[in-house]
Amino acid sequence: MAHRLLRDAEADGWERSDFPIICESCLGDNPYVRMTRALYDKECKICQRPFTVFRWRPGRDARYKKTEICQTCCKLKNVCQVCLLDLEYGLPVQVRDTALSINSNDTIPKSDVNREYFAEEHDRRARAGLDYESSYGKVQSNDTILKLQRTTPYYKRNRAHVCSFYIRGECTRGAECPYRHEMPVTGELSQQNIKDRYYGYVRCT
Ligand SMILES: [Zn+2]
Ligand SMILES: [Zn+2]
Ligand SMILES: [Zn+2]
């Protein structure tokens with residue numbers, strides 16, 4: 001009976017995972033990091049299906065992190081569930097795709113409805129043990145990507161956000177302030193939203 005219930009619960013196709021799929025930088029430098037896990041807490045920012053959200057603090061000076069996209073979407077692109085950088089090379093999607101001469105968006109539908117269906121179909125095939133060809137697939141590395149890749153974790157990225165009040169000279173919280181008191185570093189990629197990071201779009205303004 002319990003078995004049947006479990007199978008029925010799986011029929012909705014929603015994700016239940018015990019550990020997030022994340023890069024070393026997002027995990028942080030503490031091997032005993034404690035994570036909280038909330039089943040179907042949020043919708044995946046890509047396919048919009050409910051998924052298991054993990055939350056943790058990757059270091060003493062770090063801000064809390066949580067998984068933003070589901071594991072199906074993360075596997076289709078081979079990216080971290082938090083920062084959406086490539087899991088193997090630590091690079092943004094567009095940089096990886098260009099270096100490897102691939103287009104990892106080829107088979108992923110753009111419309112929300114199709115994307116949801118596509119993710120469900122992918123899960124069904126994976127559960128049935130079918131080998132699913134994702135557009136990312138197993139691509140051979142080359143000199144370009146080996147030169148670009150990040151080989152060590154980048155923990156600085158986990159630090160708290162810069163305090164926007166501090167920049168305007170209006171923060172009164174001093175050392176109690178949970179945000180960082182320094183001037184922001186601007187850059188093209190600091191403007192990229194989650195969907196753009198996922199598809200590797202850089203908007204020209
Ligand atoms: Zn998803
Ligand atoms: Zn990451
Ligand atoms: Zn502040």
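**Notebook: contacts, sheet and core**

I began with contact range: residues 24 or more positions apart account for 59% of the contacts in the protein chain with a separation of 6 or more. I keep in mind that this is a predicted model.

**Entry 1, overall make-up.** I listed the secondary structure next. The protein chain has 8 helices and 3 strands. Read from the N terminus, the order is α-α-β-β-β-α-α-α-α-α-α. I then checked burial. Of the 205 residues in the protein chain, 27% are buried.

**Entry 2, the sheet.** How are the strands ordered? I found an open sheet of 3 strands in the order β1-β2-β3, and the pairing is antiparallel. The edge strands are β1 (36-43) and β3 (65-66), each of which pairs on one side only. I note the general rule that strands of a sheet pair through backbone hydrogen bonds, either parallel or antiparallel.

**Entry 3, β1 against β2.** I looked up the bridges here. Strand β2 covers residues 50-56 and pairs with β1 in the antiparallel sense over 5 bridges. I took down two pairs. Thr-36 stands opposite Arg-55 of β2. Lys-42 has Phe-51 of β2 as its bridge partner. I then went to the hairpin of β1 and β2. There are 6 residues between its strands, and Gln-48 takes a positive phi near 65°.

**Entry 4, β2 against β3.** How many bridges join β2 and β3? I count 2 bridges, again in the antiparallel sense. Arg-55 turns up once more: its bridge partner in β3 is Lys-66. Arg-55 thus has Thr-36 opposite it and Lys-66 as its partner in β3.

**Entry 5, burial of β2.** Is β2 mostly covered or mostly open? I find it mostly covered, with 5 of its 7 residues buried.

**Entry 6, the core.** I turned to the largest nonpolar core, which has 31 residues. In soluble globular proteins, nonpolar side chains tend to be buried together. Which members touch the most other members? They are Cys-73 and Cys-80. I also asked which elements give two or more residues to this core. They are α2 (24-27), β2, α3 (71-77) and α4 (93-100). β2 gives the most, with 4 residues.

**Entry 7, Cys-73.** I followed Cys-73 to its contacts, leaving out residues up to four places away in sequence. Cys-73 touches Cys-44, Ile-46, Cys-47 and Ala-119.

**Entry 8, tying up.** I come back to β2. This strand pairs with β1 over 5 bridges and with β3 over 2 bridges. β2 also gives the most residues to the largest nonpolar core.

Note on methods:
Residues are numbered from 1 along each chain as its sequence is written. Chains are lettered from A and ligands numbered from 1 in the order in which they are written. This is a predicted model: local features need pLDDT of at least 70, side-chain atom pairs count only at pLDDT 80 or more; totals for chains, interfaces and linings use all residues. Two strands pair if DSSP finds at least two bridges between them. A nonpolar core is a set of buried Ala, Val, Leu, Ile, Met, Phe, Trp, Tyr and Cys residues joined through C-beta atoms within 7 Å. A residue is buried if 20 or more other C-beta atoms lie within 10 Å of its own, exposed if 12 or fewer, and partly exposed in between; C-beta atoms are placed from the backbone. Two residues are in contact if their C-beta atoms, placed from the backbone, lie within 7 Å.
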